[in-house]
Structures are given as structure tokens and as C-alpha cells.
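Student: I should like to learn how to read the sheets and the ligand site of a model such as this one. Could we take the features one at a time?

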Amino acid sequence: MENYTSKKSQNMAYIEPAPLLDKENPFEAMMSRFQTASQILGLEEQIYNVLKVPARQVIVSLPVTMDDGSIRVFEGYRVIHSTILGPSKGGIRFDPHVNLDEVKALAAWMTWKCAVVDIPYGGAKGGVNCNPRDMSSGEIERLMRAYTLAMIDIFGADKDIPAPDMGTGPREMAWLMDEYSRTQGMTVNAVVTGKPIVLGGSLGRTEATGRGVMVTSLAAMGKLKINPYNAACAVQGFGNVGMWAARLLEERGLKIVAISDLSGAYYNEKGIEINKAVQYRDKNKGSLDGYAEAQKIDGKEILTLPVDLLVPAATEDVITVANASKIQAKLIVEGANGPTSSKADSIIYEKGISVVPDILANAGGVTVSYFEWVQNRLGYKWTAERVNRRSDRIMKDAFDNVYRVASEYKVSMRIAAYMVAIDKVAKTYKFRGGF
Ligand code: NAD
């Protein structure tokens with residue numbers, strides 16, 4: 001197993017990620033890995049030049065009437081990185097920090113993510129610079145409808161299919177679907193995924209990302225010969241991804257010794273009962289603050305605990321040059337997008353720690369979004385068992401493929417995942433031609 005995780009033990013040709021041009025921002029972090037993988041693949045320069053820039057970037061101004069009668073103008077973005085594999089797919093983020101660089105990086109990540117799990121989508125991402133926590137439901141609805149109308153020529157069930165991201169959820173997707181459908185004179189539920197179940201949302205979508213984290217964790221543990229029944233795990237973030245990953249890993253025999261959220265981290269070496277922690281969180285306004293079944297530790301300490309498996313499932317850039325050398329886990333499975341800075345990659349690799357990278361580990365979500373779209377287009381509903389069985393198979397096959405490439409080229413699974421994705425996109429360009 002070490003033959004693809006440890007440079008020192010195998011004397012392998014490790015290629016340093018390209019240096020960052022600026023301080024770490026999401027676009028540069030993505031480009032650094034993209035450059036490294038392209039270099040190893042020997043990607044033709046023309047194709048590299050096509051893929052390094054988004055296919056389309058749209059910036060719109062969205063005037064919205066606020067509850068006090070004033071009109072506020074929000075800035076909205078939609079970036080389509082690539083549609084070469086199929087309609088572009090990617091969430092919409094409502095957040096005060098949204099900016100074009102971030103949306104560009106996230107759009108490219110979606111291209112690679114869809115390609116790694118071999119689903120027929122390109123990559124896109126959208127965002128609006130707003131703070132939904134300070135807005136009423138009516139204001140958010142008017143903003144979502146304004147954004148949808150501004151993107152009416154961009155979105156489409158065969159063109160560009162949005163989904164929820166930070167600050168948006170099923171409620172916003174229902175408004176998007178409704179606004180889009182009004183302009184078409186018919187109900188078009190396949191234009192967006194992550195909808196409420198009654199509007200054509202898929203069973204199994206809520207837990208899909210955490211479930212994919214569980215499937216890829218077990219697959220990686222199999223390769224590393226870690227017995228789940230003797231394994232300790234720490235999960236950073238106790239939201240949709242972290243909570244489901246923790247719950248499903250616990251069901252598979254792992255001992256979850258630490259969980260965390262914005263209130264801090266909670267450690268119990270005997271194991272935390274996830275269902276009890278969920279009940280506590282749900283009665284405590286969604287926070288683990290005051291959770292007494294475990295010892296409270298500093299939030300950052302969760303990343304450096306002596307565990308077998310570490311699942312960062314909160315936010316980006318938490319594993320950095322500042323803490324990478326202190327990580328004790330044997331395996332990191334990235335539930336969050338971009339939790340490891342590109343500068344920390346080589347430190348982790350040198351330490352012989354295996355990483356199942358974000359574009360593979362958290363692709364269970366987009367996989368079940370794809371199933372939602374397939375069901376909408378079929379006009380048919382699958383059972384949760386069918387959804388889970390098919391997504392588990394896709395995640396396991398994708399893991400095996402990435403692992404094989406990592407072993408063959410003696411690179412980290414992160415670089416291997418980029419190589420698998422870039423190779424697929426590049427081959428498609430070659431067959432389609434048309435420049
Ligand atoms: P969420 O909002 O449901 O949960 C986030 C959790 O992380 C919360 O418990 C929050 O308290 C905690 N958190 C935030 N910042 C933290 C910090 N600095 N330290 C500790 N805890 C912190 O979000 P989510 O949907 O679970 O998404 C988590 C990550 O997974 C994000 O990076 C997201 O982009 C990524 N992701 C989500 C999905 C999905 O289907 N939800 C799919 C792919 C990737």
C-alpha cells in the first residue's frame with residue numbers, strides 16, 4: 001500500500017505541485033494540482049490552454065426590492081468551466097464572500113469531480129454576493145427569482161443544471177424551478193437538482209455525500225489494511241456531510257472519537273454515540289455547544305488527534321503548512337471541498353499519509369444529483385435502495401480507478417484523481433475536435 005503514499009519508502013518520482021503565483025486562493029490551489037497532473041499526463045499544450053480557463057463567465061446585477069421598500073442591487077455570477085462531457089452542473093452559493101475567483105475554481109472542480117466519477121456532466125458554479133442570514137425569506141425568494149431570470153439563457157435541463165451550495169437549499173431550488181418553468185410555459189423539474197422530494201428530488205440525496213465519504217473511506221482502509229472495527233476516526237464539521245459520514249462510518253464499526261462544529265471540538269476516546277450527538281445538536285439550535293458526553297477541546301485540535309481516519313467535512317483550507325506536519329491520522333478522506341491547501345500536499349505526502357481527495361471523496365452528492373436528473377427525465381422515481389446501490393457502485397469503481405492510477409504512476413491519489421479527470425476530458429476534446 002505504501003507504494004503510492006510514501007515517497008521516502010518507495011523512492012518514487014514525486015512531482016512537486018507547481019508554485020502558487022499568489023497567496024493561496026481557491027483558483028490557484030486548483031490550478032496548482034491541475035498543472036502537476038497535466039505535466040505527468042503530458043497533456044498537449046492546446047488542450048491545457050483550453051482547460052485552464054472557464055468556457056463562460058457571466059456577471060449580472062440583480063436589483064431586488066427589500067422588505068423596507070428600498071431597492072438593493074446584488075452581484076451574481078455563473079461560471080461554466082466546461083460542457084465538453086455534457087451539460088454543466090454546479091451549485092449556487094449565497095454568501096457575502098463570494099467572488100469571481102472562488103466561483104471559477106469551484107466550477108473547474110466540478111468538471112474534474114464529474115469526470116472522476118464518470119458521469120456525463122461538465123462543470124459550473126454560481127454565486128450571489130449576499131448574506132442570506134440577514135435577509136427575510138421574501139427577500140431571498142425575490143433574489144433567487146431575479147438570479148434565475150438573469151440566467152434564463154444559461155440554465156437548461158440539457159445546458160446548465162444548478163444545485164444548492166452554501167447558503168441555498170431545497171427551498172431556493174424550488175423557487176428556481178418555478179421561475180424557470182414559468183418562462184417555459186411548462187414544468188421543467190430537470191433544470192435543477194437538490195429539490196424537495198415532492199417536486200422531484202431524489203431519495204438518498206440528503207445523505208449521498210456522507211455516504212460517498214463512507215464508501216471511499218472503507219475502500220481506502222481495505223487497501224491500507226486498517227480493520228474498521230479497530231479504527232478510530234475524527235470528523236471535523238457536523239453538518240450534512242460530516243454528520244452523515246460519522247453516522248454511516250459508526251454503523252460500519254468505526255469508533256468516532258471526535259466530532260466538531262463552529263462551537264469547538266468534542267473528544268471521547270471511548271467513542272461518541274452519533275445518534276445521541278445528533279439529538280443534542282437538533283435540540284440545541286443546531287449547535288454541539290455544551291455537549292457533555294465528550295471532553296471539549298480546541299476546534300483546531302481535532303485535526304491532529306491520534307486517529308486512523310480523519311474526515312475534514314467543514315470548510316476549505318483547514319489543513320495547511322501550519323498543521324500538516326502534526327497530523328497523526330493514517331488516512332484523510334476529504335468530505336469538504338478544498339480542505340487541504342496545495343502547499344500542505346507535499347508535507348502530507350512525505351509523511352506517508354493517504355488522502356482520498358475531495359473531487360473523489362465528496363462526489364457522492366453530485367452522483368445522486370445526476371440520478372435526480374435522470375429520474376426527472378424518465379418521469380420515474382427510484383427507491384432509496386436503488387439510489388444507494390448505484391451510487392455506492394459508482395463511488396467504489398471511481399476509487400478503484402484512481403487507486404490504480406496512483407499505484408501505476410506512483411503519485412498521490414489527489415494527483416491521480418486529477419489525472420483520471422483531465423485524461424477523460426482531454427480525450428473527449430480530441431474525439432470531438434472542432435477548434
Ligand atoms: P453544512 O453547512 O451542513 O455543515 C458545515 C459544518 O461545518 C457545520 O457543522 C459547521 O458548524 C461546521 N464548520 C464550519 N466551519 C467550521 C470550522 N472552521 N471548524 C469546525 N467546524 C466548522 O455544510 P455541508 O453541506 O456539510 O458542507 C460541508 C463541506 O462539504 C463544504 O466544504 C461543502 O462545499 C462540501 N460539500 C458538500 C456537499 C453536500 O452535498 N452538502 C457536497 C460536496 C461537498
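Student: In what order do the five strands of the open sheet lie, and what is the pairing?

Tutor: One reads a sheet by walking from strand to neighbouring strand. In this predicted model, five strands form an open sheet with the order E1-E2-E4-E3-E5, and the pairing is mixed.

Student: Which are the edge strands?

Tutor: An edge strand is recognised by its partners. Strand E1 (56-65) and strand E5 (160-164) each pair on one side only, and they are therefore the edge strands. From one strand to the next, the twist averages 25°.

Student: How many bridges join strand E3 to strand E4, and do these run parallel or antiparallel?

Tutor: Here one follows the two chain directions and the bridges between them. Strand E3 (residues 88-95) and strand E4 (residues 122-129) run parallel and are joined by six bridges. To find the register, place Arg93 opposite Gly127 in E4.

Student: What order does the open sheet of seven strands have?

Tutor: The same walk applies. The order is E9-E8-E7-E6-E10-E11-E12, again with mixed pairing. Strand E9 (295-297) and strand E12 (354-356) are the edge strands, each pairing on one side only. Direction ignored, neighbouring strands of this sheet are turned by 20° against each other on average.

Student: How do E7 and strand E8 run, and how many bridges join them?

Tutor: E7 and strand E8 (residues 264-267) run antiparallel, with four bridges between them. Ile259 has Tyr266 in E8 as its bridge partner.

Student: Which strands does H7 lie across?

Tutor: For a helix on a sheet, one names the strands beneath and then an angle. H7 lies across strand E10 (309-312), strand E11 (331-333) and E12, and runs at about 160° to E11.

Student: Which residues come nearest to the ligand?

Tutor: One begins with the surrounding shell, then turns to individual atoms. There are 18 residues around the ligand, of which Thr209, Phe238, Asn240, Val241 and Asn337 come nearest. The shell divides into six nonpolar, 10 polar and two charged residues.

Student: Which polar backbone atom is 2.9 Å from an oxygen atom of the ligand?

Tutor: That atom belongs to Val241. A backbone N or O atom of Gly239 lies 3.3 Å from a ligand oxygen, and an N or O atom in the side chain of Arg205 is also 3.3 Å from an oxygen atom of the ligand.

Student: How much of the ligand's accessible area does the protein cover?

Tutor: On its own the ligand has 820 Å² of accessible area, and the protein covers 71% of this. Helix H7 (205-224), helix H8 (240-251) and strand E7 (255-261) are the elements that give two or more residues to the shell.

Notes
Residues are numbered from 1 along each chain as its sequence is written. This is a predicted model: local features need pLDDT of at least 70, side-chain atom pairs count only at pLDDT 80 or more; totals for chains, interfaces and linings use all residues. Side-chain values use heavy atoms; hydrogens and water are left out. A residue is near a molecule or strand if one of its heavy atoms lies within 4 Å of it. A polar contact is a pair of N or O atoms within 3.5 Å; within protein, one must be able to donate a hydrogen and the other to accept it, and residues adjacent in sequence count only if both atoms are side-chain atoms. Accessible areas come from the Shrake-Rupley method with a 1.4 Å probe; for residues, only the protein chains shown count as cover. Ala, Val, Leu, Ile, Met, Phe, Trp, Tyr, Cys and Pro count as nonpolar, Asp, Glu, Lys and Arg as charged, and the others, Gly among them, as polar. Two strands pair if DSSP finds at least two bridges between them. Axes are lines fitted to C-alpha atoms, for helices over the stretch in contact, and angles run from 0 to 180 degrees between N-to-C directions. Contact means heavy atoms within 4.5 Å.
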